[in-house]
Amino acid sequence: MSVKAQKTALRDRLLTARAARSPLMAAAASQRISEHLLASDEVTHATWVAAYVGVGHEPITLPLLDALRGAGRQVILPVLLPGRKLDWASYEGPDSLTPTRLGLLQPSGRTLGVEAISTASVVLVPALAVDRDGTRLGRGGGYYDRALVRVPRDTAVWAVLFDDEVVPSLPSETHDRPVSGVATPSGITRLNRS
């Protein structure tokens, strides 16, 4: 089976498992993820945090985004561009978000440019799964793989996941960009990237 076919099969399985998770379980897990992130040294000392708005069956991130703003952090969120690229804009609260053609929520304010992600001290990314080497399985659009090439190597790049989505290994391709850690309900796990 090709790597692409393996990824497609994994995505289907992981999305089905997420959809089966009860909303109460997902909300409680999301709350624990937020608590761990807010208590981490990296987030505590961050000036800028690049994040995203969890939608559908993803971990819920809006309370985290509001807590980060309340703690004085500058939060930037992705804005979809043509060519599967991400621009960035400041998060100014839930009322500043607008839906996109992909069902995501993004800020409606002035954009900061595709390079803005490089200024973040911590980058929180969506994922369906991450393996112990930092290989991240996203939804397959490649938006984050393109954006993460702009992030300095020593920046904390963490995927936000449920516990059972940290797996022993995942198929990968040369364009896949690894993460340096995962934030789950069980805590923050920092990974060694080669």
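Which strands does helix H4 (residues 62-70) lie across, and at about what angle does H4 run to E2? In this predicted model, helix H4 lies across E1, strand E2 (74-81) and E6. The direction of H4 is at about 135° to that of E2.

The three strands beneath this question belong to an open sheet of seven strands, arranged in the order E3-E2-E1-E6-E9-E11-E12. The pairing within the sheet is mixed. In general, strands of a sheet pair through backbone hydrogen bonds, in either the parallel or the antiparallel sense. Strand E3 (85-90) and strand E12 (187-190) occupy the edges. Each of these two has a single partner strand, so one side of each remains without a neighbour in the sheet. From one strand to the next, the twist averages 25°. Within the sheet order, E1 is placed between E2 and E6. Strand E1 (residues 48-50) pairs with strand E6 (residues 122-126) in the parallel sense, over two bridges. Valine 49 stands opposite valine 122 of E6.

The chain as a whole contains five helices and twelve strands. For 194 residues, a compact globule would be expected to have a radius of gyration near 16 Å, and the value of 15 Å computed for the chain agrees with this. Along the principal axes, the C-alpha atoms fill a box of roughly 45 × 35 × 35 Å. Of the 194 residues, 49% are buried. The exposed area of the chain is about 9,400 Å², of which carbon and sulfur atoms supply 53%. Among contacts between residues at least 6 apart in sequence, 69% join residues at least 24 apart.

Links between distant parts of the chain also appear among the salt bridges, which number eight. One of these joins aspartate 176 to lysine 7, with the closest N and O atoms 2.8 Å apart. Aspartate 176 lies in the loop between strand E10 (166-167) and strand E11 (181-184), whereas lysine 7 lies in helix H1 (residues 3-20), and 169 residues separate the two. Both aspartate 176 and lysine 7 are buried.

Glutamate 165 takes part in salt bridges with arginine 18 and with arginine 21. In the pair with arginine 18, the closest N and O atoms are 2.7 Å apart. Glutamate 165 is situated in the loop between strand E9 (156-160) and E10, and arginine 18 in helix H1, so this salt bridge ties together parts that are 147 residues apart in sequence. Glutamate 165 has a relative accessibility of 2% and therefore counts as buried. Arginine 18 likewise counts as buried because its relative accessibility is 2%. In the pair with arginine 21, the N to O distance is 3.9 Å. Arginine 21 is located in the loop between H1 and helix H2 (23-39), 144 residues from glutamate 165. Arginine 21 is buried, as is glutamate 165. A network of salt bridges links Arg18, Arg21, Asp164 and Glu165.

How values were computed:
Residues numbered from 1 in each chain as written. Predicted model: local features only at pLDDT ≥ 70, side-chain atom pairs only at ≥ 80, totals over all residues. Heavy atoms only, no water. Salt bridge = Lys/Arg side-chain N within 4 Å of Asp/Glu carboxyl O. Helix = DSSP H or I, 4+ residues; strand = E, 2+ residues; numbered from the N terminus. Buried < 20%, exposed > 50% of the residue type's maximum accessible area, 1.4 Å probe, protein only. Pairing = 2+ DSSP bridges. Axes fitted to C-alpha atoms, helices over the stretch in contact; angles between N-to-C directions. Contact = heavy atoms within 4.5 Å. Rg over C-alpha atoms; globule rule 2.2 N^0.38 Å. Areas by Shrake-Rupley, 256 points an atom, 1.4 Å probe, with all protein chains shown as cover.
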